[in-house]
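Let's take a walk through this model together, from a pair of strands to a pocket. Keep the structure open beside you as you read.

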Amino acid sequence: MPEREEPVRIVAYPNGPLLVRGPVEIVGPDGAPLPRRRRTVALCRCGKSTIKPYCDGTHKVIGFVTEPEEPAED
């Protein structure tokens with residue numbers, strides 16, 4: 001039986017990174033694939049990581065805060 005491919009899921013953590021789960025290719029500005037050593041990776045949202053685009057936890061040190069989401073309109 002063929003293995004089912006899991007869906008891609010991106011979770012925006014409050015005051016933290018974007019967690020990317022599932023089979024997605026991450027590429028750099030030049031279009032070349034970036035190394036991915038785990039099934040789940042954290043992408044930087046604060047802009048201060050030393051290993052961009054991946055998160056290195058710097059958001060905690062600098063006090064990065066995400067804005068609350070606006071409620072969806074009906």
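**From the hairpin to the pocket**

Strands E1 and E2 run antiparallel and are joined by four bridges. Keep in mind as you look that this is a predicted model. E1 covers residues 9–12 and E2 covers residues 18–21. To find one of the contacts between them, start at Ile10, whose bridge partner in E2 is Val20.

Now follow the chain into the loop between E1 and E2, where Asn15 sits. This hairpin has five residues between its strands. Asn15 has a positive phi of about 60 degrees, although it is not a glycine. That deserves a second look, since most residues other than glycine have a negative phi. Is Asn15 buried or exposed? The label here is partly exposed, because its relative accessibility is 34%, between the limits of 20% and 50%.

A second backbone feature waits further along, in the loop between E3 and helix H1 (58–62), which is the place of Pro53. The peptide bond from Lys52 to Pro53 is cis, with omega near 10 degrees. Most peptide bonds, by contrast, are trans.

Finally, turn to the largest pocket, which holds about 210 Å³ of space. Its lining includes Leu19, the run Pro35, Arg36, Arg37 and Arg38, and also Ile51, Tyr54 and Cys55. Which strand gives the largest share of this lining? Strand E3 (residues 40–43) does, with three residues; Thr40, Val41 and Ala42 are among the lining residues. By character, the lining divides into seven nonpolar residues, three charged and one polar.

Key: Residues are numbered from 1 along each chain as its sequence is written. This is a predicted model: local features need pLDDT of at least 70, side-chain atom pairs count only at pLDDT 80 or more; totals for chains, interfaces and linings use all residues. Side-chain values use heavy atoms; hydrogens and water are left out. On a 1 Å grid over the protein atoms alone, a cavity is a set of points where a 1.4 Å probe fits but cannot get out, and a pocket is an open set with protein on both sides within 12 Å along at least five of seven lines; lining residues have an atom within 4 Å of a point. Grid points are joined across faces, edges and corners, and a volume is the space filled by probe spheres set on the points. Helices (H or I, at least four residues) and strands (E, at least two) are DSSP runs, numbered from the N terminus. Ala, Val, Leu, Ile, Met, Phe, Trp, Tyr, Cys and Pro count as nonpolar, Asp, Glu, Lys and Arg as charged, and the others, Gly among them, as polar. Buried means under 20% relative accessible area, exposed over 50%, partly exposed in between (1.4 Å probe, protein chains only). Two strands pair if DSSP finds at least two bridges between them.
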